[in-house]
Amino acid sequence: MAEIGKIMIKVPSAIKKGDVIPVKAMVVHPMETGQRKDSKTQNLIPEHYINDVKVYYGNDLVTSMEWGIAVSTNPFITFYLKADKAAPLKMSFKDNKGGSFEQTVQINPQ
């Protein structure tokens, strides 16, 4: 299994200033509900899920999300962003066990 918290962000390679671009992201995370049993021990697997997502473009918070146990393993999201400046796009994810993960990509519209 890949490392928990690894984040992959994909944006178009050619961006014109003012374009509305798709941003696709996936984070490696088990997203356990606390309702599944371990097949070997038959004990419940403890809850372990992302509960806070924030996206910054430059210094501006562009969206935030509160997630819970209903989100799938290795969540994948797509959202759209108006690329009106050269700035970093930072995504941060926090989970219910205190894990904190972030990744940044640079947006450079021409």
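**Rings, charges and phi angles**

Trainee: Why does Phe93 count as buried?

Mentor: Its relative accessibility is 1%, and the cut-off for buried is under 20%, so Phe93 counts as buried. Bear in mind that we're looking at a predicted model.

Trainee: And what makes Trp67 count as buried?

Mentor: Run the check again: Trp67 comes in at 15% relative accessibility. The limit is under 20%, so Trp67 counts as buried too.

Trainee: Why are the rings of Trp67 and Phe93 called a tilted pair?

Mentor: Two values settle that. Their centres are 6.0 Å apart, and a pair needs centres within 6.5 Å. Their planes sit at 55°; under 30 degrees would be stacked and over 60 edge-to-face, so this pair is tilted. The structure holds 1 aromatic pair.

Trainee: How do you know that the pair links distant parts of the chain?

Mentor: Trp67 sits in the loop between strand 4 (60-65) and strand 5 (76-83), while Phe93 belongs to strand 6 (residues 87-95). That puts the two 26 residues apart.

Trainee: What makes Lys85 count as lying over the face of Tyr57?

Mentor: The distance to the ring centre is 5.0 Å, and the rule asks for within 6 Å, plus a position within 35 degrees of the ring normal. Lys90 is listed over the face of Tyr56 as well, with 5.2 Å to the ring centre.

Trainee: What is notable about the phi of Met31?

Mentor: Most residues other than glycine have a negative phi. Met31 isn't a glycine, yet its phi is positive, near 50°. You'll find Met31 in the loop between strand 2 (19-27) and strand 3 (50-57).

Trainee: Which other residue in the loop between strand 2 and strand 3 should I check?

Mentor: Gln42 is in that loop, and it has a positive phi of about 65° without being a glycine.

Trainee: Are Met31 and Gln42 buried or exposed?

Mentor: Met31 has 4% relative accessibility, so Met31 counts as buried. Gln42 has a relative accessible area of 47%; buried needs under 20% and exposed over 50%, so Gln42 is partly exposed.

Trainee: How do you know what the secondary structure of the protein comes to?

Mentor: The count is 0 helices and 7 strands, and from the N terminus on the elements run β-β-β-β-β-β-β. For the overall picture, the C-alpha trace spans about 55 × 20 × 20 Å along its principal axes, and buried residues make up 35% of the 110 residues.

Methods. Residues numbered from 1 in each chain as written. Predicted model: local features only at pLDDT ≥ 70, side-chain atom pairs only at ≥ 80, totals over all residues. Heavy atoms only, no water. Helix = DSSP H or I, 4+ residues; strand = E, 2+ residues; numbered from the N terminus. Buried < 20%, exposed > 50% of the residue type's maximum accessible area, 1.4 Å probe, protein only.
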